[in-house]
Amino acid sequence: MRTDSRRGAVRAALIALCAAGALAAAIGPASAAGPVRLSAAFDSDAALGSATALEVTLQLDPRRLTHAPLNEVRFAYPRSLGIVSSGLGLAICTRPETDFIKVLIAGPRLGGCSPNAVMALGTALALVELTNGQVIPEYATVTLMLGPLERGRQGLVVFVDGTRPFGAKLAFAGDVRDVRAPYGGELVVRMPAVPGLEDLATVSLVELRISIGSHAIRYYERRNGRRVAYHPDGVQLPIACPARGFRFRVRIGFSDGSRQSATAVTPCPPTVAAPASGL
Amino acid sequence: MQPQSLRRRGIFVVTAALVALMLALWAGGVSSAAPSAHAAKRKTLNLTDTAYLHLTRKNGNVIYEKGTASGTLPGTVTARLVTGVTKVSGTVTFHSSGGGTITMNAVGYPQSASTVTRFSGNIAVRKGTGRFRNALGSGTFSGTANRKTWAITVRATARLTY
């Protein structure tokens, strides 16, 4: 009954949007490079040895990719980058397993989880292709949170909050894994099809921008009995640059079994400025 | 006369070489017996210590810690720890108040992901200096780490020979 009503709501929203003529228009031209592009950048004022936000941008060209929906994203980061040693993920976001099966969930902001579990904030753009061929761009915000440590794996929880036009809230599960050098770890997010949506539309991710250790992240702690907000330290940079810069990799899996990957190299930020001695 | 002199000199050289070889073999035998004699003098120590460490600096995924230890062998401790997703490994050096240092490899595994996370793991004594210069041993540890401040409390038990 609930499934029927949810499917009905999704269908009604899609029909209403189609009637309003909200068609895709905001998608830029296809890239001359591969169908998947990855870029990663630190803060403009980042310095070796300091903490920074890590801005990751993933762009996909649906016209040059399989029509099957994307079902997994793996993002590998360099070994020397301090993700675990950062101040990120000081609380755990735990959601019932059924959320990750239903995918489409209802719930408060952050799914009721502590803001101290937020590790990254970002945005996403997807194309929703209806069965009649109409394509609607959907904009969403993305929140990556630390999940529970289970069976030796560090869990992740990802919330995708549609902002316009659909406004659906999606929950995905993932984990962080150790990987072989030159990478130090890999963020894995599993994105199964949204039950009830398969027969109505195909959703293709076009762009994902995520900032690990974003400056917009606020944590809260008790100081002298008062709740005080602070910005947690972001990704910790090493004091020396790895050979040939910081190397990142993204691997994307689709529901038809096909895979795509892309790599990016981020040049070294300047070395830490020597503190003024005052002498 | 000259050929005879050369022959004698040759015999002398061969004899000298043989003597030198025998001396070398004898010396080698003494030398190889030395460790067992030394091993007989080795002491065994079962130690249980609690250490309180604080962060001194970070270098990417590596954290450096320093602190004090109390228990069987009181002293100070320094550590260099490489933080991975599911394990932390590194080198811990214990400076005994009574002199000598013990350097050990440690591998720890987090058991939770909250601000104050519990962990446990194993240590292998790798080397030492002073009275612990031939230290060997192994043990286990457990403790807590505050992932905001990186203040670490660790209780270690180990069996050490030196």
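Q: Where is the place of B:Ile102, and what makes that stretch a strand?
A: B:Ile102 sits in strand β5 of chain B, which covers residues 101–110. A strand is a DSSP run of E with at least two residues, a helix is a run of H or I with at least four, and both are numbered from the N terminus. Keep in mind that this is a predicted model, where local features need a pLDDT of at least 70, side-chain atom pairs count only at pLDDT 80 or more, and totals for chains, interfaces and linings use all residues. Residues are numbered from 1 along each chain as its sequence is written, while chains are lettered from A and ligands numbered from 1 in the order in which they are written.

Q: Why does B:Ile102 count as buried or exposed?
A: Count the other C-beta atoms (placed from the backbone) within 10 Å of the residue's own: 20 or more means buried, 12 or fewer means exposed, and in between is partly exposed. B:Ile102 has 29 such neighbours, so it is buried.

Q: Which residues does B:Ile102 touch, not counting those up to four places away in sequence?
A: They are B:Phe94, B:Val125, B:Gly128, B:Phe132 and B:Ala135. "In contact" means that the C-beta atoms, placed from the backbone, lie within 7 Å. As for B:Leu81, 21 residues away along the chain, its C-alpha atom is 16 Å from that of B:Ile102.

Q: What sheet do the strands of chain B form?
A: Chain B has one helix and eight strands, in the order α-β-β-β-β-β-β-β-β. The eight strands make a closed barrel, β1-β2-β3-β4-β5-β6-β7-β8, with antiparallel pairing. Ignoring direction, neighbouring strands are turned by 25° against each other on average; the angle is taken between axes, which are lines fitted to C-alpha atoms (for helices, over the stretch in contact), and the general scale runs from 0 to 180 degrees between N-to-C directions.

Q: How do you know that β7 and β8 of chain B pair?
A: Two strands pair if DSSP finds at least two bridges between them. Strand β7 (residues 136–146) and strand β8 (residues 152–161) of chain B share 10 bridges, so they pass, and the sense is antiparallel. For one of the residues involved, B:Thr144, the bridge partner in β8(B) is B:Thr153.

Q: What makes a group of residues a nonpolar core?
A: Its members are buried Ala, Val, Leu, Ile, Met, Phe, Trp, Tyr and Cys residues, joined through C-beta atoms within 7 Å. The largest one has 69 residues, of which A:Met145, A:Leu156 and A:Val158 touch the most other members. Strand β7 (residues 135–150) of chain A gives the most to this core, with seven residues. A second, separate core has 26 residues, including B:Val82 and B:Ala156. In soluble globular proteins, nonpolar side chains tend to be buried together.

Q: Why is A:Val103 called buried or exposed, and which is A:Arg244?
A: A:Val103 has 20 C-beta neighbours inside 10 Å, so it just makes it as buried. A:Arg244 has 10, so it is exposed. A:Val103 has a positive phi of about 65° although it is not a glycine, and phi of A:Arg244 is near 65° too. A:Val103 lies in the loop between α2 (97–102) and β5 (104–105) of chain A, and A:Arg244 in the loop between β14 (235–236) and β15 (246–254) of chain A.

Q: What kind of peptide bond joins A:Arg164 and A:Pro165?
A: It is cis, with omega about 0°, and A:Pro165 lies in the loop between β8 (153–164) and β9 (169–178) of chain A. The bond from A:Ala181 to A:Pro182 is also cis, with omega near 10°.

Q: How do you know where the predictor's confidence is low in chain B?
A: Look at pLDDT, the predictor's confidence in each residue, from 0 to 100. Over residues 20–37 of chain B it stays under 50, and the model has zero contacts there beyond four places in sequence. Chain B averages 82, with 75% of the residues scoring at least 70.

Q: What makes up the side of chain B that touches chain A?
A: The contact takes 16 residues from chain B and 27 residues from chain A. The chain B side divides into four nonpolar, nine polar and three charged residues. Ala, Val, Leu, Ile, Met, Phe, Trp, Tyr, Cys and Pro count as nonpolar, Asp, Glu, Lys and Arg as charged, and the others, Gly among them, as polar.

Note on methods:
Contact = placed C-beta atoms within 7 Å.
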